[in-house]
Amino acid sequence: NRSRSFNSLKDAKLIKYKACIFDLDGVLRVGRNIISGSEYILKHLNERGVKTMILTNECRYTIDELKDELSEIGLYIPEDTILYTAACAARDYLKDKLERFPTKLFNIFVIGELGLYETIMELKDYTNFKSNLNDEFDDDSELYVILGTVNKIKINHLNKLLKLIKKGAKIITTCKDISDPASKGDFNLGMPMHMLHMIGFNVNCKIHSYSTGKPNPRIGQYIYKSLGNTINKVSDILFIGDTIYTDIQLAEESGFKSCLVLSGNTKSNMINLYSIQPDFIIDDINSINDII
């Protein structure tokens, strides 16, 4: 009964979209609690020939860890559903750098949880990639810091970040988010932008960072390429998210149709504060049948 609102998808004669992209936190789950009605939505869409993807600015876990966690809380993920995280986006951005500049040595520092580090370490076979677990610097290398979401900001995170910034490191953040709908509130101050803000009081220059997470246009390109030949035009894609300045902005700038759900970061009284506007607005995932 919890997912009864999607049973009608099995008998639907026509679904308007060839692909549905879902944000995760605030859309399909909040913290360790699945949002009622989302349990089998990916399965039902796949059975109707609709491509599905979960695209999240979460970066604390590897893809395998995230799949296991979602399975444990009751979210059914078909084999054909693509999962792509902010950690993957940071990894792919670095991969392009390594391939574009093969004669440069990149000295990479990671500040984040283990899943981010393990994802970045997938690049370890590149000869111009050097990961760093200590405070040593190579004078002939370019220093990069991959700054991800942490479960809780610790003083050693800030000390390391400050030292690297003063050394001239370039900062890549995994997301621009200023809040985490997955948090229960106790660890809500663990976003990359929070750490940069705190560090900003201790440096005498503007900190320039680059975010590889949503709404970076590279992710829109990744979505379109990943969906294959089944997608003829970008308007065949529906992006469902809970945050205007990441999810809905990415959809608008990529030409996708967008649906804002009010079960996460964005509440109804906030919508008119933005010039970016979704094509559809629903209270939660249970109302998706009305537009799909």
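**Exercise 1. Contacts of arginine 91**

Task: In this predicted model, state which residues arginine 91 is in contact with, leaving aside its neighbours within four places in sequence, and decide whether arginine 91 counts as buried or exposed.

Solution.
- Step 1: Beyond the excluded neighbours, the contacts of arginine 91 are Tyr84, Thr119, Ile120, Glu122 and Leu123.
- Step 2: Arginine 91 belongs to helix 3, which covers residues 86-100.
- Step 3: The relative accessibility of arginine 91 is 15%. Buried means under 20%, so arginine 91 counts as buried.

**Exercise 2. The loop after helix 3**

Task: Place threonine 103 in the secondary structure, classify its exposure, and state how far threonine 103 is from threonine 127 in sequence and in space.

Solution.
- Step 1: Threonine 103 sits in the loop that lies between helix 3 and strand 6.
- Step 2: Its relative accessibility is 79%. The cut-off for exposed is over 50%, so threonine 103 counts as exposed.
- Step 3: Threonine 103 and threonine 127 are separated by 24 residues in sequence, while their C-alpha atoms are 9.3 Å apart.

**Exercise 3. The sheet around strand 1**

Task: Give the strand order of the open sheet of 6 strands, then work out how strand 1 is paired and whether its faces are covered.

Solution.
- Step 1: The order is 5-4-1-11-12-13, with parallel pairing. Strand 5 (82-85) and strand 13 (280-282) are the edge strands, each pairing on one side only. On average, neighbouring strands in this sheet are turned by 20° against each other, direction ignored.
- Step 2: Strand 1 is joined to strand 4 (residues 51-56) by 4 bridges, and the two run parallel. Strand 1 also pairs with strand 11 (residues 237-241) in the parallel sense, over 4 bridges.
- Step 3: Cysteine 20 has threonine 52 as its bridge partner in strand 4 and leucine 238 as its bridge partner in strand 11. For isoleucine 21, the partner in strand 4 is methionine 53.
- Step 4: In a regular strand, side chains alternate between the two faces of the sheet. In strand 1 (residues 19-22), Ala19 and Ile21 are on one side and Cys20 and Phe22 on the other. These four residues are buried, and both faces of strand 1 are covered.
- Step 5: Helix 2 (residues 63-72) lies across strand 4 and strand 5, at about 115° to strand 5. Helix 8 (residues 244-254) lies across strand 11 and strand 12 (257-261), at about 160° to strand 12.

**Exercise 4. Cysteines**

Task: State how many disulfides a search of the whole structure finds, and classify cysteine 20 and cysteine 88 as buried or exposed.

Solution.
- Step 1: A disulfide is a covalent bond between the sulfur atoms of two cysteines. The search of the whole structure finds 0 disulfides.
- Step 2: For cysteine 20, the nearest cysteine sulfur is that of cysteine 259, at 9.4 Å. The cut-off for a disulfide is within 2.5 Å, so cysteine 20 is in no disulfide.
- Step 3: Cysteine 20 has a relative accessible area of 0% and is buried. Cysteine 88 is at 3% relative accessibility and therefore also counts as buried.

**Exercise 5. A pocket and a cavity**

Task: Describe the volume and lining of the second largest pocket, then do likewise for the second largest cavity.

Solution.
- Step 1: The volume of the second largest pocket is about 190 Å³.
- Step 2: Its lining consists of Tyr84, Ala89, Asp92, Asp96, Thr212, Arg218, Ile219, Gln221, Tyr222 and Lys225. Helix 3 and helix 7 (217-226) each provide at least two of the lining residues. Helix 7 gives the most, with 5 residues.
- Step 3: The second largest cavity holds about 30 Å³ of space. Among its lining residues are Ile108, Tyr117, Ile120 and Phe129. Strand 6 (105-111), helix 4 (114-120) and strand 7 (129-131) each supply at least two residues of this lining.

**Exercise 6. The whole chain**

Task: State how many helices and strands the protein has, and what share of its residues is buried.

Solution.
- Step 1: The protein has 8 helices and 13 strands.
- Step 2: Of the 292 residues, 53% are buried.
- Step 3: Among contacts with a separation of 6 or more, 72% are between residues 24 or more positions apart.

Notes
Residues numbered from 1 in each chain as written. Predicted model: local features only at pLDDT ≥ 70, side-chain atom pairs only at ≥ 80, totals over all residues. Heavy atoms only, no water. Buried < 20%, exposed > 50% of the residue type's maximum accessible area, 1.4 Å probe, protein only. Pairing = 2+ DSSP bridges. Contact = heavy atoms within 4.5 Å. Axes fitted to C-alpha atoms, helices over the stretch in contact; angles between N-to-C directions. 1 Å grid on protein atoms, 1.4 Å probe; cavity = no way out; pocket = protein on both sides within 12 Å on 5 of 7 lines; lining within 4 Å. Points joined across faces, edges and corners; volume = space filled by probe spheres on them.
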